[in-house]
Amino acid sequence: ISTIRETPVGESVKLTIVHGKDSEGTAVVSVAPKVNDDGVTSIGVMLGPNYLRTDMVQASSVTDAISKAGSAVYDITSQTSSSIFGLLLGFISGKGLPAGTSMSGPIGVVKSGAEVVSKSDFAAVVAFAASISVNLAVVNALPLPALDGGQLAFVLAEAAAGRRIDQRVQEGINAGALLILLCFSFGTAVGDVTSIFR
């Protein structure tokens with residue numbers, strides 16, 4: 001996507017199309033990107049969610065149920081963690097959000113939840129609720145002040161230093177971090193509202 005957006009108007013970009021899962025056949029095509037109504041260079045291809053369906057899996061025993069549930073939670077947690085840390089690294093390095101991604105706040109989550117519920121798929125609703133719970137757990141575990149992970153970081157710092165951190169210093173750090181989180185939440189809320197009225 002970044003290559004397409006960086007291509008000057010009038011020039012072409014070469015794309016390799018792979019047919020089949022095992023690269024049964026490939027084709028190279030030349031496409032001339034154009035600037036769309038939003039001022040973004042694109043080739044008319046739109047990326048969408050790759051969600052197809054959620055299948056219910058029957059467990060053969062209590063042990064099997066625990067194993068399957070644990071595996072599902074591990075998969076969701078690892079994917080969520082890698083996504084969040086990737087976003088944080090992008091912000092820290094100054095690269096920003098990866099191309100084709102966006103951040104959503106509570107309004108975006110409610111919108112996504114409404115779309116899932118409208119499909120009347122009970123398994124999808126349960127999976128969506130589980131992913132929200134895991135997302136909240138992962139974010140809350142981040143070592144940022146004002147979050148539980150941040151409080152744990154203070155406790156570990158006190159244990160390593162062998163003395164308590166000054167309460168006023170801790171409160172000041174928490175207040176600053178809370179202000180940043182509130183500004184971040186406000187920014188995502190504005191982005192969610194803007195996307196609704198597009």
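**Nonpolar core and helix packing in the predicted model**

The largest nonpolar core consists of 5 residues: I84, V134, V138, L142 and L147. The model is a predicted one. In soluble globular proteins, nonpolar side chains tend to be buried together. One member of this core, V138, has contacts beyond its sequence neighbours. Leaving aside residues within four places in sequence, V138 is in contact with T77, T80, S81 and I84. Of these partners, I84 also belongs to the core.

The overall architecture comprises 6 helices and 4 strands. Their order from the N terminus is α-β-β-β-β-α-α-α-α-α. The four strands thus follow one helix and precede a run of five. The protein has 198 residues, and 15% of them count as buried. Its accessible surface amounts to about 14700 Å². Carbon and sulfur atoms account for 63% of that surface. For contacts between residues at least 6 apart in sequence, 42% join residues at least 24 apart.

Helix 4 spans residues 122–140 and has 19 residues. From its first C-alpha to its last, helix 4 reaches 27 Å, close to the 27 Å expected at 1.5 Å a residue. Its buried residues are A123, A124, V134 and V138. These residues cover an arc of only 90 degrees around the axis, so they lie on the same side of helix 4. F122 and L136 are exposed on the other side. V134 and V138, both buried in helix 4, are also members of the largest nonpolar core.

Helix 6, residues 167–196, contains I173. N174 is likewise placed in helix 6. The burial of the two residues was assessed separately. I173 has a relative accessible area of 37% and is partly exposed. N174 counts as buried because its relative accessibility is 18%, and the cut-off for burial is under 20%.

The contacts of this pair were examined next. Residues up to four places away in sequence are not counted for I173, which touches P145 and F154. With neighbours within four places left aside, N174 is in contact with P145, A146, Q151 and F154. P145 and F154 thus appear among the contacts of both I173 and N174. I173 and L144 are 29 residues apart in sequence. Their C-alpha atoms are 9.7 Å apart in space.

Conventions
Residues numbered from 1 in each chain as written. Predicted model: local features only at pLDDT ≥ 70, side-chain atom pairs only at ≥ 80, totals over all residues. Heavy atoms only, no water. Core = buried A, V, L, I, M, F, W, Y, C linked by side-chain atoms within 4.5 Å. Buried < 20%, exposed > 50% of the residue type's maximum accessible area, 1.4 Å probe, protein only. Contact = heavy atoms within 4.5 Å. Helix = DSSP H or I, 4+ residues; strand = E, 2+ residues; numbered from the N terminus. Areas by Shrake-Rupley, 256 points an atom, 1.4 Å probe, with all protein chains shown as cover. Expected span 1.5 Å × (residues − 1). Arc of directions from axis to C-beta.
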